[in-house]
Amino acid sequence: MSNDTHFSALKFITCGSVDDGKSTLIGRLLVDTKAVLQDHLAGVQRAGETDLALLTDGLSAEREQGITIDVAYRYFNTEHRKFIIGDAPGHEQYTRNMVTAASSADAAVVLVDATKLDWRNAELELLPQTRRHSLLVNLLRVPSVVFAINKLDAVEDATLAYQHIAAALKQFAQAAGITITALVPVSALKGWNVVDSQADWCGYNGPSLLSILEGLPVTPAETEVAFSFPVQWVEKFHDSNVTTQGRRVFWGRVATGSVAPGDTVKVFPSGQTAVVSQVLSATREPQNKAAGHSAGIVLDREVDVSRGDWLLSAEHAPEAQRQLNTTIAWMDDEPLVAGRVYWALHGHRWVKAKVQRVVHRLDVNTLAEEEATELAPNSIGHVTLALQEPLVTLPFAQSRILGALVLVDTASHKTSGAVLVN
């Protein structure tokens, strides 16, 4: 693993049921890594004790209700790394917020509250929220999943509780096809195993949660997939007298694969081909660029390319499609029904998309398929979309970038759905 992958900022989300201690855990991370100023700490005292949850519940409505309503992003860093935390709400009616936070995360910390489980029972049942969030995180291909078993300081036999809950999580993850990156017992309230390790507590002698997070890779750039590049901006050189190459630079971020001078590319949708004559960095230095990096591309001849077009590998470009089988997380307050038309955004390209059919609704707690004719707000389902113009997509399982679209309401311009191509 390159240093660059390892030490760039890690974007992770915390999820779990209501009152599992997510806000307290984030507060503990911020306080123990000295990311909070003393005067800020003084403002969150309750009866002489610091109320860590108050540090992170940012909206006044959240503080009054004692729950998290929206995704709140926090920033902190240690000597080794920078972190961005997305704090997603636990309630089922905020599934859309959870999906928004997870879609771009490198890792997820799923918090499990030991006090809410029948921890003495070796065959204990996990909470629906725990299962739902783990399944959603897996559906959205978050690369690393860490289970933090919290509030073990509040049970009589912490070691037994940790063993039983860890076994239940492993069994569930295996059945659901989820790879567990790490399991760690924590007490967010006392600070045990969050930033500093608590030796031999619960029979666990592994790294603290923060140490685990410091070592996780960021989402690997999709360099194994063929080159693709959504054009964001076209810069024209009117007064250039160079005749060996085109007089435009196409700026954007390499979505997949990599690009170097001499590569043959195909313009989508026009189908024209050209050879790359220069690849520029943001400071206009000639430099080969791989997925995840911004670049300016100059072609060997004048080709008509505008914002929203794609430059693709001429040899290995995916087939353009007019019909997509998708999984949609529905975010609009109006239900998704067959026949409705939305704008679909893919890269920087807008096309009209018609809902052909709602195939199944997924039970968000189990991902079991149920018969359905519509998707209500916050639900997820399999939907067939018909596109007015074709798009070049890959399954989301192959590419988080080429396999994702956003549906936007044509009248209100609100984001209505997050689409994963199957």
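This is a short tour of a predicted model, stop by stop, with something to select at each one.

**Stop 1: helix α7**

Start by selecting residues 128-139, which make up helix α7. The helix has 12 residues, and from its first C-alpha to its last it reaches 16 Å, close to the 16 Å expected at 1.5 Å a residue. Now colour the buried positions: Gln 129, Thr 130, Arg 132, His 133, Ser 134, Leu 135, Leu 136 and Val 137. What covers them? Switch on β1 (10-16), α6 (95-102), β6 (107-113), β7 (144-150), α8 (158-176) and β23 (380-392), which are included in the cover over the buried residues of α7.

**Stop 2: Arg 141, just past the helix**

Step off the end of α7 and click on Arg 141, in the loop between α7 and β7. Its phi is positive, about 60 degrees, although the residue is not a glycine. Most residues other than glycine have a negative phi. Is Arg 141 buried or exposed? Neither label fits: its relative accessibility is 31%, so Arg 141 counts as partly exposed.

**Stop 3: β1, β5 and β4**

β1 was part of the cover over α7, so keep it on screen and add β5, residues 82-87. These two strands pair in the parallel sense over five bridges. For one of the matches, select Leu 10 and look across to Phe 83 in β5, its bridge partner.

Next, bring in β4, residues 72-77. β4 pairs with β5 in the antiparallel sense, over six bridges, and a hairpin of four residues joins β4 to β5. Which residue stands opposite Phe 83 here? Select Phe 76. Phe 83 is therefore worth a label, as it is the bridge partner of Leu 10 and stands opposite Phe 76.

**Stop 4: Val 109 in β6**

β6 is another piece of the cover over α7, and Val 109 lies in this strand. Val 109 counts as buried because its relative accessibility is 1%, and the cut-off for buried is under 20%. Show everything in contact with Val 109, leaving aside neighbours within four places in sequence: you should get Phe 12, Ile 13, Thr 14, Cys 15, Leu 25, Val 146, Ala 148, Leu 209 and Leu 213. Then draw a distance from Val 109 to Gly 16, C-alpha to C-alpha. The two are 93 residues apart in sequence, and 8.4 Å apart in space.

**Stop 5: a cis peptide bond**

Jump to Phe 268 and Pro 269, which are joined by a cis peptide bond with omega of about 15 degrees. Most peptide bonds are trans. Pro 269 is found in the loop between β12 (264-268) and β13 (273-280).

**Stop 6: the cavity**

How many cavities of 30 Å³ or more does a search of the whole structure find? One. The largest cavity holds about 40 Å³ of space. To see its lining, select Gly 246, Arg 247, Arg 248, Phe 250, Leu 299, Arg 301, Glu 302 and Val 303. Colour them by type and the lining divides into three nonpolar, one polar and four charged residues.

**Last stop: Leu 367**

Finish at Leu 367, in the loop between β20 (349-362) and β21 (369-370). Leu 367 is not a glycine, yet it has a positive phi of about 60 degrees. With a relative accessible area of 23%, Leu 367 is partly exposed.

Terms used. Residues are numbered from 1 along each chain as its sequence is written. This is a predicted model: local features need pLDDT of at least 70, side-chain atom pairs count only at pLDDT 80 or more; totals for chains, interfaces and linings use all residues. Side-chain values use heavy atoms; hydrogens and water are left out. On a 1 Å grid over the protein atoms alone, a cavity is a set of points where a 1.4 Å probe fits but cannot get out, and a pocket is an open set with protein on both sides within 12 Å along at least five of seven lines; lining residues have an atom within 4 Å of a point. Grid points are joined across faces, edges and corners, and a volume is the space filled by probe spheres set on the points. Ala, Val, Leu, Ile, Met, Phe, Trp, Tyr, Cys and Pro count as nonpolar, Asp, Glu, Lys and Arg as charged, and the others, Gly among them, as polar. The expected span of a helix is 1.5 Å times one less than its number of residues. Buried means under 20% relative accessible area, exposed over 50%, partly exposed in between (1.4 Å probe, protein chains only). Contact means heavy atoms within 4.5 Å. Two strands pair if DSSP finds at least two bridges between them.
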